[in-house]
Amino acid sequence: GARFHGAEVREDIVSALKQGDEKIIFDLEGVASMSNSFADECFAKLALFFSIDEVKQRTTFKNANPFIRSVIATAFKTRLTQMAI
């Protein structure tokens, strides 16, 4: 379920990034946990559609607890490593 829901959210993010040049802020206040599969599908797979530099410039996270920050960072590292192979 988490991967499926992550893909749904990612589709909206990709659409928003393609349509405008505004920065997208992901406010994770109140989010206590996130699965690796959701983080990969929703956030890390953005690197399949945009350069990692563009993702960094056009998105930001706020109010993410240390656990969530770690899950998202790990998802990006794993995805980028897979793409480099």
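F49 is partly exposed in this predicted model, with a relative accessible area of 42%. To find F49, look at the loop that runs between α2 (36–42) and α3 (52–58). F49 has company at the surface: together with L48, L80 and M83, F49 makes a nonpolar patch of about 350 Å². A residue needs over 30% relative accessible area to be part of such a patch, so F49, at 42%, passes that cut-off.

Now let us turn from the surface to the inside. The largest nonpolar core has 21 residues, and the members that touch the most others are I13, M34, F43 and I72. Several elements contribute to this core: α1 (2–19), β1 (24–27), α2 and α4 (66–84) supply at least two residues each. Helix α4 gives the largest share, with five residues. I72 is a good place to pause here. Leaving aside residues up to four places away in sequence, I72 touches L28, M34, A39, F43 and F61.

Next comes a small detail of the backbone. Most residues other than glycine have a negative phi. N63 is not a glycine, yet its phi is positive, at about 60°. You can find N63 in the loop between β2 (59–62) and α4. With a relative accessible area of 44%, N63 is partly exposed.

Finally, follow the charges. Side chains of opposite charge can pair when their charged atoms come close. This structure holds seven salt bridges. One of them joins the side chains of R3 and D40, at 2.9 Å from N to O. The pair ties together distant parts of the chain, as R3 sits in helix α1 and D40 in helix α2, 37 residues apart. The two partners differ in their cover: R3 is partly exposed, with a relative accessible area of 36%, whereas D40 counts as buried because its relative accessibility is 8%, and buried means under 20%.

A second bridge links R10 and E41 through their side chains, at 2.7 Å from N to O. Here too distant parts of the chain are linked, with R10 in helix α1 and E41 in helix α2, 31 residues apart. Both R10 and E41 are buried, and the relative accessible area of E41 is 7%. The side chain of E41 also meets that of K45 in a salt bridge of 3.2 Å, N to O. K45 counts as buried as well, at 17% relative accessibility.

These pairs belong to a wider picture: R3, R10, D40, E41, K45 and R79 are linked in a network of salt bridges.

Technical notes: Residues are numbered from 1 along each chain as its sequence is written. This is a predicted model: local features need pLDDT of at least 70, side-chain atom pairs count only at pLDDT 80 or more; totals for chains, interfaces and linings use all residues. Side-chain values use heavy atoms; hydrogens and water are left out. Patches are made of residues with over 30% relative accessible area and no salt bridge: like charges are joined within 9 Å, nonpolar side chains (Val, Leu, Ile, Met, Phe, Trp, Tyr) within 5 Å. Accessible areas come from the Shrake-Rupley method with a 1.4 Å probe; for residues, only the protein chains shown count as cover. A salt bridge is a side-chain nitrogen of Lys or Arg within 4 Å of a carboxyl oxygen of Asp or Glu. Helices (H or I, at least four residues) and strands (E, at least two) are DSSP runs, numbered from the N terminus. Buried means under 20% relative accessible area, exposed over 50%, partly exposed in between (1.4 Å probe, protein chains only). A nonpolar core is a set of buried Ala, Val, Leu, Ile, Met, Phe, Trp, Tyr and Cys residues joined through side-chain atoms within 4.5 Å. Contact means heavy atoms within 4.5 Å.
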